Amino acid sequence: MKKVILSVAVIAAMGLTSCKNEAKQTTETTTTEVSSEIAMTDLSFGVRGNCGMCKKTIEKAANGVAGVAKATWDVDKKKIDVSFDDTKTDAMAIHKAIAASGYDTEKATGDLAAYDNLPGCCKYDHDMMMNQSGDIKAEVH
Ligand SMILES: [Cu+2]
């Protein structure tokens, strides 16, 4: 009689353990799905420009691309940091949007008509080094 009670207890214990495992797995799956929904791609690349007005034009062009959440151009480093949803846009679309506003990027040449319409102070040098780290580098792209 004691043996029967013991084996019932063992089976009951096993049943409880397997229920706990299932609950854990469900929780883990849910967490993964949530984090992939809010994933943003961070990208930075060189963009030529001179001043604060260039900054406004460049950032406006990048932010105008659907899927771009944030764009910040650094006047000293001649570099832009972009955060975007890669299910809505891609890097090349952002390069092209900035080029259309008249500015050269590492991968796209600025539109010449748009460049001609820029204010005098914004007519940057087309030989300007892009994506500067702050250190002096001899690297040419
Ligand atoms: Cu400017």
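Helices and strands are taken here as DSSP runs, helices of at least four residues and strands of at least two, numbered from the N terminus. In the predicted model described below, glycine 49 lies in the loop between β1 and α2, and the elements on either side of that loop belong to a protein with four helices and three strands. From the N terminus on, these elements follow the order α-β-α-β-β-α-α.

Two values describe the chain as a whole. Of its 141 residues, 20% count as buried. Among contacts between residues at least 6 apart in sequence, 58% join residues at least 24 apart.

The strands are considered next. Strands of a sheet pair through backbone hydrogen bonds, either parallel or antiparallel. In this protein the three strands form an open sheet in the order β1-β3-β2, and the pairing is antiparallel. Strands β1 (41-46) and β2 stand at the edges with a single partner strand each, so one side of each is left without a neighbour in the sheet. On average, neighbouring strands of the sheet are turned by 15° against each other, direction ignored. Helix α2 packs on the sheet, where it touches β2 and β3, and its direction makes about 160° with that of β2.

Strand β3 is paired with both edge strands. Six bridges join β1 to β3, and six bridges join β2 to β3. Within the pairing of β1 and β3, aspartate 42 has serine 83 of β3 as its bridge partner, while the bridge partner of serine 44 is aspartate 81 in β3. Aspartate 81 also stands opposite threonine 72. The side chains along β3 alternate: Ile80, Val82 and Phe84 point to one face and are buried, whereas Lys79, Asp81 and Ser83 point to the other face and are not buried.

The connection between β2 and β3 was examined separately. These two strands form a hairpin with four residues between them. Lysine 78 is placed in the loop between β2 and β3. The phi of lysine 78 is positive, at about 55°, although this residue is not a glycine. Lysine 78 counts as buried because 20 other C-beta atoms lie within 10 Å, and 20 or more are required for a buried residue.

Which residues of helix α3 (residues 91-100) are buried? They are Ile94, His95, Ala97, Ile98 and Ala99. These buried residues pack against α2 (52-63), β2 (68-74) and β3 (79-84). Helix α3 is followed by glycine 102, which has a positive phi near 110°.

The packing of α3 against α2 can be described further. Two packed helices are described by the angle between their axes and the distance between the axes. For α2 and α3 the angle is about 140°, and the axes are 8 Å apart. At that angle, α2 is oblique to α3. The crossing in which α2 passes α3 is right-handed. On the α2 side, Ile58, Ala61 and Ala62 take part, and they meet Ile94, Ala97, Ile98 and Ala100 in α3. The residues of this contact divide into seven nonpolar, no polar and no charged.

The surroundings of glycine 49 complete the description. This residue counts as buried because it has 25 C-beta neighbours inside 10 Å. When residues up to four places away in sequence are not counted, glycine 49 touches Cys54, Lys55, Ile58, Trp73, Val75, Lys78, Tyr103 and Tyr124. Among these residues is Lys78, the residue with positive phi in the turn of the hairpin of β2 and β3. Another is Ile58, which in α2 is one of the residues that meet α3. The C-alpha atoms of glycine 49 and aspartate 125 are separated by 8.0 Å, although the two residues are 76 residues apart along the chain.

Methods. Residues are numbered from 1 along each chain as its sequence is written. This is a predicted model: local features need pLDDT of at least 70, side-chain atom pairs count only at pLDDT 80 or more; totals for chains, interfaces and linings use all residues. A residue is buried if 20 or more other C-beta atoms lie within 10 Å of its own, exposed if 12 or fewer, and partly exposed in between; C-beta atoms are placed from the backbone. Two residues are in contact if their C-beta atoms, placed from the backbone, lie within 7 Å. Two strands pair if DSSP finds at least two bridges between them. Axes are lines fitted to C-alpha atoms, for helices over the stretch in contact, and angles run from 0 to 180 degrees between N-to-C directions. Angles under 35 degrees count as roughly parallel, over 145 as roughly antiparallel, 65 to 115 as roughly perpendicular and the rest as oblique. A crossing is left-handed if the near helix is turned anticlockwise from the far one by less than a right angle, and right-handed if clockwise. Ala, Val, Leu, Ile, Met, Phe, Trp, Tyr, Cys and Pro count as nonpolar, Asp, Glu, Lys and Arg as charged, and the others, Gly among them, as polar.
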